[in-house]
Amino acid sequence: MFCSKCGAENPEGAKFCSKCGAGLGTSVGVSPEAESSTGLSANVAGLLCYVLVWVTGIMFVVLEKKSTFVKFHAWQSIMTFGVLTVAQLVLGWIPVVGWILNILIGILMFVLWLILIIQAGTGKMWKVPGAGDWAERQANQ
């Protein structure tokens with residue numbers, strides 16, 4: 001469970017944040033008032049992690065020092081869109097079948113991009129299967 005005030009991870013069922021002492025509710029995510037080390041609110045910084053796919057993810061991994069929420073979205077952006085970009089580059093060299101798969105991956109990337117921007121912008125930590133768990137571990141290190 002993540003603190004809605006500071007973004008720190010806490011054990012499931014905890015009533016108060018172990019880092020800042022704020023009361024923990026049942027919602028998963030971050031409040032719009034939580035601030036990142038970039039000076040932006042955490043949800044805006046999280047949203048920006050996806051704007052230029054993995055490129056802005058890398059930027060926020062380097063810049064963010066405070067918010068676990070922002071680091072989670074930055075790592076998830078890198079992993080999700082980095083893997084899909086590499087898949088597109090490899091499949092682009094395979095005639096016909098590779099090109100068709102390349103188009104399908106492009107559609108998947110666009111849909112994921114929209115979903116992730118909306119989820120991060122509303123303060124939610126929506127996990128992409130596989131990449132989300134990995135990103136959560138990286139954000140908590």
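Contact here means heavy atoms within 4.5 Å. Keep that in mind for this predicted model: residues 24 or more positions apart account for 55% of the contacts in the protein with a separation of 6 or more.

**Stop 1: the whole chain**

Start with everything in cartoon. You should count 5 helices and 0 strands, and walking along the sequence gives you the pattern α-α-α-α-α. Align the view to the principal axes, and the C-alpha atoms fill a box of roughly 55 × 30 × 25 Å. Now switch on a surface. The accessible surface comes to about 7,600 Å², and carbon and sulfur atoms own 72% of that area. Of the 141 residues, 40% count as buried.

**Stop 2: H2 against H3**

Next, select residues 54-63, which are helix H2, and residues 68-91, which are helix H3. How do these two helices pack? Their axes are 8 Å apart and the angle is about 145°, with a left-handed crossing.

Show side chains for the contact itself. On the H2 side, pick Trp54, Gly57, Ile58, Phe60 and Val61. On the H3 side, pick Val70, Ala74, Trp75, Ser77, Ile78, Phe81, Gly82 and Thr85. Colour this set by residue class, and you get 9 nonpolar, 4 polar and no charged residues.

**Stop 3: Val61, one residue of that contact**

Stay in helix H2 and centre on Val61. Setting aside neighbours within four places in sequence, Val61 is in contact with Ala74, Trp75 and Ile78. Is Val61 buried, partly exposed or exposed? Its relative accessible area is 23%, so it goes down as partly exposed. For a sense of scale, draw a distance from the C-alpha atom of Val61 to that of Ile115: the two are 54 residues apart along the chain and 20 Å apart in the model.

**Stop 4: Ser36**

Jump back along the chain to Ser36, in the segment before helix H1 (42-51). Try a surface on this one: Ser36 has 1% relative accessibility, so it counts as buried. What is packed around it? Leaving out residues up to four places away in sequence, Ser36 touches Ala42, Ala45, Glu64, Lys66, Ser67 and Val70. Val70 should look familiar, as it is also one of the H3 residues that meet H2. Then add a distance label between the side chains of Ser36 and Glu64, where a polar contact of 3.3 Å joins them.

**Stop 5: two valines with positive phi**

Time for some backbone torsions. Most residues other than glycine have a negative phi. With that in mind, select Val53, in the loop between H1 and H2. Its phi is positive, about 45°, although Val53 is not a glycine. With 23% relative accessibility, Val53 counts as partly exposed.

Now go to Val96, in the loop between H3 and helix H4 (97-121). Here too phi is positive in a residue other than glycine, near 55°. Which side of the exposure scale does Val96 fall on, buried or exposed? Val96 has a relative accessible area of 52%, so it is exposed; the cut-off for that label is over 50%.

**Stop 6: Gly92**

While you are in the loop between H3 and H4, pick Gly92. Show what lies around it: not counting residues up to four places away in sequence, Gly92 touches Trp99 and Asn102. Gly92 is partly exposed, because its relative accessible area is 32% and that class runs between 20% and 50%.

**Stop 7: Phe2, and two long sequence gaps**

Finish at Phe2, in the segment before H1. Phe2 has a relative accessible area of 6%, so it is buried.

Draw two C-alpha distances from here. How far is Phe2 from Glu136? They are separated by 11 Å, with their positions 134 residues apart along the chain. The other line goes to Gly92 from the previous stop: Gly92 and Phe2 are 90 residues apart in sequence and 40 Å apart in space. Leave both lines on screen with the cartoon, and you have Phe2 tied to Glu136 at 11 Å and to Gly92 at 40 Å.

Methods:
Residues numbered from 1 in each chain as written. Predicted model: local features only at pLDDT ≥ 70, side-chain atom pairs only at ≥ 80, totals over all residues. Heavy atoms only, no water. Axes fitted to C-alpha atoms, helices over the stretch in contact; angles between N-to-C directions. Helix = DSSP H or I, 4+ residues; strand = E, 2+ residues; numbered from the N terminus. Left-handed = near helix turned anticlockwise from the far one by under 90°. Nonpolar A, V, L, I, M, F, W, Y, C, P; charged D, E, K, R; others polar. Buried < 20%, exposed > 50% of the residue type's maximum accessible area, 1.4 Å probe, protein only. Areas by Shrake-Rupley, 256 points an atom, 1.4 Å probe, with all protein chains shown as cover. Polar contact = N/O pair within 3.5 Å; in protein donor to acceptor, adjacent residues only side chain to side chain.
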